[in-house]
Amino acid sequence: MEMEYPNSGITLPSLLTEEEKWLFDLNGFLIKKNAVDKQKINDIVSISLDWLENPEKVSKPVTVRELDHNGGQIVWPQYGSRLYEELVQTHDIMRVVLGLMFNRPRLFHYDLILSRKKKDYEKELVLMHKDHSGFEFPPGMKNPHNDYQVSDGNLYCSFLNVAFSLKDDPEGTGFGCVPGSHKSNIKCPDTITADSDNSNLRSFYMEAGDAIIFSSGLIHTSMPWNQDYPRMTVFARFQFRKYFNENPSGGLPVEEYKDKISEIQYDLESMGTEEILLAKNFKEKL
């Protein structure tokens, strides 16, 4: 049964199913299989590889960078292709994000990461971490930028990550996490790494088009990539739009180029108190 809070400003009931609530609270993540149409994934891969191989074709504010771990990065790709808008606005993904953020998520960072296999990948030490918004609070204290609460059957997560797989990620590569660690108040000891027998780390077979939504308070890592083709993952980071602005200067939305994105996308990247326009679209379909 949905609870009603008439003075909260929340007009749209949570769109999370009871199973999703239970699984996210238990594990700190949800995996959505076949979230994105394969043809759309193929089109995004084609565009992205062209940008990475020919950065001179890319127009501002889209930025292409080489990474020191044998890969590349595309920052703010939604300003270069509407396909990236459609990706981050994927219905079943946004339904969950809305449900975990009182219908007020704000996209504050968006990029693609391409990683290639290293010759010495087996020797690489894999460390695990939680995201802490640039400032790590003392043990036992809550970071409001990275909060997670449950009350009366409602979930609230102030910082969410979504990882879209553009290529197949075999189990043991790509994303790894420690389920349930988003509720842990004990810092992971430096002696425990992803390779430790007692790390409780899990990885997943992610097909192109799958996505994982996870709390940034979840202990997670990127496992060494050992495939002959590159790993391609798009990361979307959301925070509660009322309070948090991780990038007050030079961040999203890019006002100078807002004509390159839709009104709905601009709203998704903006701070405010009201429910985002996407939430209103969901409400109309209820």
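This is a short walk through the sheet, the helices, the aromatic pairs and a few odd backbone spots in this structure.

Okay, one thing before I start: this is a predicted model, so keep that in mind as we go.

Let's begin with the sheet. How many strands does the open sheet have, and in what order? There are seven, running S1-S10-S7-S12-S4-S3-S2, and the pairing is antiparallel. S1 and S2 sit at the edges with a single partner strand each, so each of them has one side without a neighbour in the sheet. Going from one strand to the next, the twist averages 20 degrees. If you want to look at one pairing up close, take S7 and S10: they run antiparallel and five bridges join them. Within that pairing, Val 162 has Ile 213 in S10 as its bridge partner.

Now the helices that go with the sheet. H1 lies across S1, S7 and S10, and it runs at about 125 degrees to S1. H2 packs on the sheet too, where it touches S2, S3, S4, S7 and S12. The direction of H2 makes about 105 degrees with that of S3.

Let me stay with H1 for a minute, as you can follow it residue by residue. Which residues of H1 are buried? They're Glu 20, Lys 21, Phe 24 and Asn 27. Those residues cover an arc of only 160 degrees around the axis, which puts them on the same side of H1. Here's the textbook bit: an α-helix has 3.6 residues a turn, so residues three or four places apart point the same way. Back to our helix: the face of H1 turned away from the buried side carries Glu 18, Glu 19 and Trp 22, which are exposed. And what do the buried residues of H1 pack against? The list is S1, H4, S5, S6, S7 and S10. Right after H1 comes Gly 28, with a positive phi near 90 degrees.

Next up, the aromatics. A search of the whole structure turns up 10 aromatic pairs. One of them brings us straight back to H1: Phe 24 pairs with Tyr 148 in a tilted arrangement, 6.0 Å centre to centre with 50 degrees between the planes. Why is that pair worth a look? Phe 24 is in H1 and Tyr 148 is in strand S5, so the pair ties together parts that are 124 residues apart in sequence. Phe 24 counts as buried because its relative accessibility is 1%, under the 20% cut-off. Tyr 148, at 13% relative accessibility, counts as buried as well.

Then there's Trp 51 with Tyr 84. That pair is stacked, at 6.3 Å centre to centre and 15 degrees between the planes. It links distant parts of the chain, with Trp 51 in helix H2 and Tyr 84 in helix H3, 33 residues apart. Both Trp 51 and Tyr 84 are buried.

There's also a cluster: ring pairs link Phe 102, Tyr 156, Phe 240 and Tyr 243. Phe 102 has something else going on, namely a positive phi near 50 degrees in a residue other than glycine. You'll find Phe 102 in the loop between helix H4 and strand S4. Is Phe 102 buried or partly exposed? Partly exposed, because its relative accessibility of 29% falls between the 20% and 50% cut-offs.

That takes us to the other backbone oddities. Asn 200 isn't a glycine either, yet it has a positive phi of about 60 degrees. Asn 200 is in the loop between S8 and S9, and it's exposed, with a relative accessible area of 56%.

Where are the cis peptide bonds I want to show you? One runs from Lys 60 to Pro 61, with omega near 5 degrees. Pro 61 is in the loop between H2 and strand S2. Another joins Leu 252 and Pro 253, with omega about -10 degrees. Pro 253 is in the loop between strand S12 and helix H5.

Last stop, Asp 37, in the loop between strand S1 and H2. The Asp 37 side chain reaches the backbone nitrogen of Gln 39 at 3.0 Å. By contrast, Asp 37 and Gln 78 are 18 Å apart, C-alpha to C-alpha, with their positions 41 residues apart in sequence.

That's my tour, thanks.

Terms used: Residues numbered from 1 in each chain as written. Predicted model: local features only at pLDDT ≥ 70, side-chain atom pairs only at ≥ 80, totals over all residues. Heavy atoms only, no water. Phe/Tyr/Trp six-rings, centres within 6.5 Å; stacked < 30°, edge-to-face > 60°. Helix = DSSP H or I, 4+ residues; strand = E, 2+ residues; numbered from the N terminus. Buried < 20%, exposed > 50% of the residue type's maximum accessible area, 1.4 Å probe, protein only. Polar contact = N/O pair within 3.5 Å; in protein donor to acceptor, adjacent residues only side chain to side chain. Arc of directions from axis to C-beta. Contact = heavy atoms within 4.5 Å. Pairing = 2+ DSSP bridges. Axes fitted to C-alpha atoms, helices over the stretch in contact; angles between N-to-C directions.
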